[in-house]
Amino acid sequence: MKRYLQFVLLLAAHSIVALAVHLHAYAHDDPTVKAPPRVVAELRPADIANPKGDGPDGKGNTEDDTWQFWFELIHAKGKFARLSLHTAELSAQQRKDGIKKKVRGPIANMLPHPTDTEGWIYHRDWDGRFDGIWADRKTAAILVHPYTEKTDPGSLAITYKVPASGRYHIAGAITDLQVAKGKPHDGVRWRVEKPLGTGRYEVIGTGGPIGDDVGPNATQFGLRNVALQQGDLLRLVIDPGRWWGTDLTRIDYHKIERADDPK
Ligand SMILES: [Ca+2]
Ligand SMILES: [Ca+2]
Ligand SMILES: [Ca+2]
């Protein structure tokens, strides 16, 4: 009886090892079996609401962070600078009054839920009321309002720092939250760009306008098998076109998935 039990146990052990070997081969060695793409990253409201970022320097929106937040230079279109000030780091007084001769307050007061909204603005932009990239905690929404200087509109951008060279699927969806009809309202456009090195970017996807009676109020996009290099800043640009008014835009999602098998 004891020998029989030993035999059964040995058989069971062999079966488990064989199964494990088989599964391992199935997942790793069989060239006809593709590992399913895995989600590498999805932009979350918390990525914007957190002033510390996720990189080792402990400061948000610096070059070591996965997600970085930018505005277009009005006098150098196509060039972007980092949004430099996180609203969560302002004092209660600054949130109420703004920063003297710089940022006007109350901060975020032209957004849907001012006291539940934090985000990145530019420390020298007078208009902290709505220009920036925001997380609305009440609705768990990611909001973008175009940068404006006097009446000139500028795009905002969110970059994703590519963790490893490979091919990626890039997807997203945006909604115009302020649909206004007739001139000068001209909706919002989006584009995705990848760096070519030497500071230049290539547009790899673009669409719109959406909203404002010039297009559907929302759109989604998907770009497949985009080759990216480690450290690239993949850029999603929200472009207000020629008129920035009524261009508060919600990013419904923005996901980047590894497309190839990351061996
Ligand atoms: Ca950082
Ligand atoms: Ca609009
Ligand atoms: Ca517009």
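The exchange below walks through a predicted model of one chain, from its overall make-up to single residues.

Residues are numbered from 1 along each chain as its sequence is written, while chains are lettered from A and ligands numbered from 1 in the order in which they are written. Because this is a predicted model, local features need pLDDT of at least 70 and side-chain atom pairs count only at pLDDT 80 or more, whereas totals for chains, interfaces and linings use all residues.

Colleague: How many helices and strands does the chain have?
Modeller: Helices (H or I, at least four residues) and strands (E, at least two) are taken as DSSP runs and numbered from the N terminus. Counted in that way, the chain has 3 helices and 16 strands.

Colleague: What average pLDDT does the chain have, and which residues stay under 50?
Modeller: pLDDT is the predictor's confidence in each residue, on a scale from 0 to 100; the chain averages 89, and 85% of the residues score at least 70. Where pLDDT is low, the predicted coordinates should not be read in detail. The stretch that stays under 50, for which the model has 3 contacts beyond four places in sequence (a contact being two C-beta atoms, placed from the backbone, within 7 Å), is residues 21-29.

Colleague: Which strands are the edge strands of the open sheet formed by 6 strands?
Modeller: Strands pair if DSSP finds at least two bridges between them, and the antiparallel pairing here gives the order S3-S2-S10-S15-S12-S13. Two of these strands each pair on one side only, and they are strand S3 (80-82) and strand S13 (200-210).

Colleague: Over how many bridges do S2 and strand S10 pair?
Modeller: Within this pairing, Phe71 has Leu156 in S10 as its bridge partner. S2 and strand S10 (residues 156-161) run in the antiparallel sense, and the number of bridges is 5.

Colleague: Is Asn61 buried or exposed?
Modeller: Asn61 lies in the loop between helix H2 (45-49) and strand S2 (67-72), and although it is not a glycine it has a positive phi of about 55 degrees. Most residues other than glycine have a negative phi. A residue is buried if 20 or more other C-beta atoms, placed from the backbone, lie within 10 Å of its own, exposed if 12 or fewer, and partly exposed in between; because Asn61 has 22 such neighbours, it counts as buried.

Colleague: Why does Lys150 count as exposed?
Modeller: Lys150, in the loop between strand S8 (147-149) and strand S9 (152-154), also has a positive phi, near 55 degrees, as a residue other than glycine. It is exposed because the number of other C-beta atoms within 10 Å is 6.

Colleague: Which residues does Arg137 touch, not counting those up to four places away in sequence?
Modeller: Arg137 is found in the loop between strand S6 (132-136) and strand S7 (141-145), and with 15 C-beta neighbours inside 10 Å it counts as partly exposed. Its C-alpha is 8.6 Å from that of Ala46, although the two residues are 91 residues apart in sequence. The residues that Arg137 touches are Pro45, Ala49 and Asp116.

Colleague: What is omega for the cis peptide bond that joins Lys183 and Pro184?
Modeller: Most peptide bonds are trans. Pro184 is found in the loop between strand S11 (166-176) and strand S12 (188-197), and the cis bond from Lys183 to Pro184 has an omega of about 0 degrees.
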